[in-house]
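Thanks for sending this one over. Here are my notes as numbered points, to be read next to the model.

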Amino acid sequence: MASQFGRGLTIGRKQPHHGARRGSNVSHPSTMRQSDIENIAIEQPENDVEEFVEVRRSIASRRSSRSSFALSQRYGSSVHRRAPSTNSQPHRRHGHETFGDLMLHPIKEYELHRQRLNEYQEEKKNWAKEHLGDPEKAGDTPVVPEPSIEALKPLVRTMIHLRHLMGGDQQIRITKAMINHLKEPLELTDEEVLRLYQVHDTDDLIEFFHKSEREYSLKIHKTVNLKKNSSSENSNNTSSSSSSEDEQEEKKKKKKPSTPENEKQQQIPSDQQDEDDIQPTSKPVATMNGDDIIIELNDNVFIEVKRYWPEEHEEAGSTRRPLFVLPDPDLSDEIGEETSATWLELFGDVFYVGFLATFTHEHHISDSTNLGIYASWFVVVWWSWCAGALYTSRYETGDVMHHIYKIIELCGLVGMAGASAKFWDNPYGFIIGYMVMKAVLLIQYCVVCWAAFMSGSFAKRPLLGYSVVHAIALLLWGVSLLYTESRGPRFALWYISIFLEVMVHIYLKSHKQVSLAASHLGERFALFTLIVLGENCMGFIRAVMESGTEVRVVVANMFGIVIIFLFFFMYFDDFSKEVLSGQVKLSQLWMYLHFPLHLCQVAFGIALSDTISIYAESQAGTVKDTAAHLISSWARMAAAAVEEGGEHSAASEEESSTHIDPTYVFKSFWISGGLILIINALIKIINTPVSTAKWSAIVCTARVLNAVIFFALASTSFDSLDGLATMGIMVSCLLIQGAIDLLD
């Protein structure tokens with residue numbers, strides 16, 4: 001499996017993380033001429049000339065011996081030589097090639113296979129001759145994967161840092177001291193050392209690393225003041241060695257013999273000395289930062305050589321997904337660790353996309369009554385998603401059991417979706433589907449709670465609270481089956497169960513053993529916000545397809561795109577994963593503010609699509625002034641459909657698309673848009689530290705003022721302000737708001 005399993009206790013087998021690893025560096029022989037080497041030697045200091053002589057002699061002495069390694073130099077590190085063993089019998093071994101390598105380079109891989117086979121036959125004969133006395137008695141042994149000796153060495157990544165891209169010094173000179181620091185970690189060959197001496201600027205340096213096929217990256221540091229001394233940027237890298245440098249300089253001054261010239265120079269006041277004669281304090285060529293090496297090439301460019309160890313591969317067969325991994329009940333030691341949503345979580349969200357889109361299309365919000373029905377449904381669906389996300393973002397381990405849990409949970413969700421069309425009058429299937437999802441969550445929390453009791457963790461109390469409240473919720477939903485004909489008691493039982501769960505989660509937020517700071521719940525809410533915006537886009541595109549190609553209608557469509565994008569920008573420009581890190585005291589409020597935000601986004605998306613449809617119909621001449629004409633038009637179309645034998649579903653769909661009250665649509669458009677602004681302002685205030693609240697306060701105040709303008713415009717009608725003007729005003733306000741948002 002390619003995914004890495006989540007955290008868990010020692011029960012089960014966890015899949016290791018297979019880090020990507022490049023092959024060994026391939027040396028490219030240098031093609032420098034004698035004149036090139038002499039020119040380099042002239043430019044280098046005298047103490048570097050000796051290095052050139054030694055390198056040239058070394059190259060001349062090694063050229064004859066390199067022909068034996070032509071195959072390995074040509075094909076990289078595919079051939080790994082085993083260390084000879086005098087006791088164990090040789091084994092046939094495979095390389096590290098994949099089936100993709102076999103398909104791309106069949107001849108090369110066949111040659112490597114033949115070479116490994118010949119080495120094995122030779123080792124087998126030598127072992128039989130040494131231990132059995134007869135090379136012919138050596139038998140075949142099982143094939144085993146060949147161990148890589150290179151895995152014992154740390155991997156190296158080189159980073160070329162440019163403090164200033166524009167205006168900085170790009171000219172560099174490679175010295176012998178720099179070569180000495182780079183030669184061992186980069187495993188430089190003699191040809192590469194000569195090529196490094198030819199490097200005169202950053203372009204040559206980047207070209208050298210690119211041609212040598214080493215792993216490297218280029219990092220440009222953005223600075224405001226280019227004339228500012230770069231010593232402040234080096235403080236983090238050289239702070240540990242600064243004091244020792246000063247002591248060494250003082251010792252050199254003390255050890256320096258006294259001469260008449262020195263005494264004469266010491267008598268000269270500092271203000272009379274020429275600034276050009278003052279030599280800057282020498283900086284060390286290289287500094288150590290743990291296992292990393294930082295080599296200063298000049299005041300603008302430095303190289304950072306980072307060493308890291310690849311994660312060890314477990315024995316063959318350990319990559320299988322474990323059947324069961326017991327979740328870790330105590331998350332206190334994982335607070336602050338960055339995690340991300342798993343593929344299983346994203347796959348589950350796809351079903352919510354279809355559920356939301358289908359119900360929104362079938363239950364079009366055309367008046368306040370339909371809005372109430374939609375909101376009562378949305379509360380249950382939104383909380384079913386949120387309750388599942390609260391568990392999976394903290395305790396999912398990626399084992400087979402959690403996949404089985406997800407399958408059962410999605411079956412319940414699909415059952416809810418199939419019964420949602422009649423959930424208002426006949427909610428039996430809707431209740432059963434929700435109970436299935438709640439039962440899965442109850443089992444999952446009980447498993448984690450059992451692990452807490454077995455390990456003696458302090459997380460057992462909050463986990464027991466989660467288990468109990470889910471059991472109560474499951475019981476209340478079961479009781480609601482007795483009131484399928486009575487909406488009042490039924491909805492009361494539903495919302496009481498949801499309220500109890502919310503209160504328990506708010507009360508237990510102070511327990512660090514179950515802290516949300518050890519989860520990626522913030523990312524899950526951002527993804528669900530994208531799902532809701534995606535529903536807006538689907539409804540908007542459907543309206544655009546039916547609106548025609550008249551110029552004004554096309555302009556209105558473009559306004560709709562800008563509005564959706566600006567609402568997207570407003571939310572994600574303020575988004576921060578650290579909102580649930582524990583530093584924000586009202587992180588739970590941030591989480592639950594997403595419910596009204598998502599509901600208002602759905603209502604606004606529907607109102608935006610209806611606004612475009614009404615404006616397009618008015619431009620086409622099919623709708624004149626009032627909703628009565630829309631109703632009569634629907635009646636005529638429905639009668640024609642009956643006479644032609646049309647299906648009832650088509651008539652009902654036509655009803656939902658044409659029975660629109662323009663007054664309600666425009667009020668919903670402005671009110672829902674204003675509420676989105678206010679909720680986004682609250683979300684931003686919760687994320688903002690008080691110490692840096694100056695610009696955030698201006699941004700939030702502007703959002704509230706724009707919301708007040710939207711509420712005031714809700715009193716307009718289609719007669720006084722048509723769809724194009726309506727969307728034009730909103731685009732203008734949101735563009736101004738977007739410019740203000742950029743100030744923070």
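1. Let me begin with the salt bridge between the side chains of Lys438 and Glu501, where N and O are 2.9 Å apart. Lys438 belongs to helix 14 and Glu501 to helix 16, so this pair ties together parts that are 63 residues apart in sequence. Bear in mind, here and below, that you are looking at a predicted model. Are the two partners buried or exposed? Lys438 is buried, since its relative accessible area is 3%, and Glu501 counts as buried too, at 0%. Both values fall under the 20% that marks a buried residue.

2. Helix 16 has another salt bridge worth a look: Asp425 with Arg487, whose closest N and O atoms are 2.6 Å apart. This pair also links distant parts of the chain, 62 residues apart, with Asp425 in the loop between helix 13 (400-419) and helix 14 (428-455) and Arg487 in helix 16. Arg487 counts as partly exposed because its relative accessibility is 36%.

3. For a local counterpart, please turn to helix 8 (residues 202-211). Glu207 and Lys211 both lie in this helix, four residues apart, which is about one turn. They form a salt bridge, with 2.9 Å between the closest N and O atoms. Glu207 counts as partly exposed at 38% relative accessibility, and Lys211 is likewise partly exposed, with a relative accessible area of 44%.

4. How many salt bridges does the structure hold? The count is 16. Some are joined up: Asp574, Lys684, Arg703 and Asp741 are linked in a network of salt bridges. You may like to display those four side chains together.

5. Now to helix 15, where the geometry can be checked by hand. Its 20 residues should span 28 Å at 1.5 Å a residue, and the C-alpha atoms at its ends are 28 Å apart, so the two values agree. If you redo the sum, note that the expected span uses one less than the number of residues.

6. Which residues of helix 15 are buried? They are Pro462, Leu463, Tyr466, Ser467, Val469, His470, Ala473, Leu476 and Trp477. These buried residues pack against helix 12 (368-395), helix 14 and helix 16. Helix 14 and helix 16 are also the two helices joined by the Lys438 and Glu501 pair of my opening point.

7. Helix 15 also contributes to the surface. A nonpolar surface patch of about 690 Å² is formed by Phe453, Leu464, Val468, Ile472, Ile496, Phe499, Leu500 and Met503. At least two of the patch residues come from each of helix 15 (460-479) and helix 16 (487-507), with helix 16 giving the largest share, four residues. Take Ile472, which sits in helix 15: at 37% relative accessibility, this residue counts as partly exposed. That value is over the 30% needed for a residue to join a patch.

8. Between helix 14 and helix 15 there is a loop that contains Ser457. With a relative accessible area of 10%, Ser457 is buried. Which residues does Ser457 touch, not counting those up to four places away in sequence? Its contacts are Pro329, Asp330 and Ala452.

9. His594, in helix 20 (residues 594-620), deserves a point of its own. This histidine is buried, with 0% relative accessible area. Leaving aside neighbours within four places in sequence, His594 is in contact with Trp382, Phe525, Thr529, Tyr571 and Ile683. One of these partners makes a good example: Phe525 is 69 residues from His594 in sequence, yet their C-alpha atoms are 7.7 Å apart in space.

10. Last, a look at strand 3 (residues 155-162), which is mostly covered, six of its eight residues being buried. How does strand 3 pair with strand 7, and how with strand 4? With strand 7 (residues 301-308) the pairing is antiparallel, over eight bridges, whereas with strand 4 (residues 216-220) the pairing is parallel, over five bridges. To find your way, use Ile160, whose bridge partner in strand 7 is Ile303, and His161, whose bridge partner in strand 4 is Lys219.

Note on methods:
Residues are numbered from 1 along each chain as its sequence is written. This is a predicted model: local features need pLDDT of at least 70, side-chain atom pairs count only at pLDDT 80 or more; totals for chains, interfaces and linings use all residues. Side-chain values use heavy atoms; hydrogens and water are left out. Buried means under 20% relative accessible area, exposed over 50%, partly exposed in between (1.4 Å probe, protein chains only). Two strands pair if DSSP finds at least two bridges between them. Patches are made of residues with over 30% relative accessible area and no salt bridge: like charges are joined within 9 Å, nonpolar side chains (Val, Leu, Ile, Met, Phe, Trp, Tyr) within 5 Å. Accessible areas come from the Shrake-Rupley method with a 1.4 Å probe; for residues, only the protein chains shown count as cover. A salt bridge is a side-chain nitrogen of Lys or Arg within 4 Å of a carboxyl oxygen of Asp or Glu. Contact means heavy atoms within 4.5 Å.
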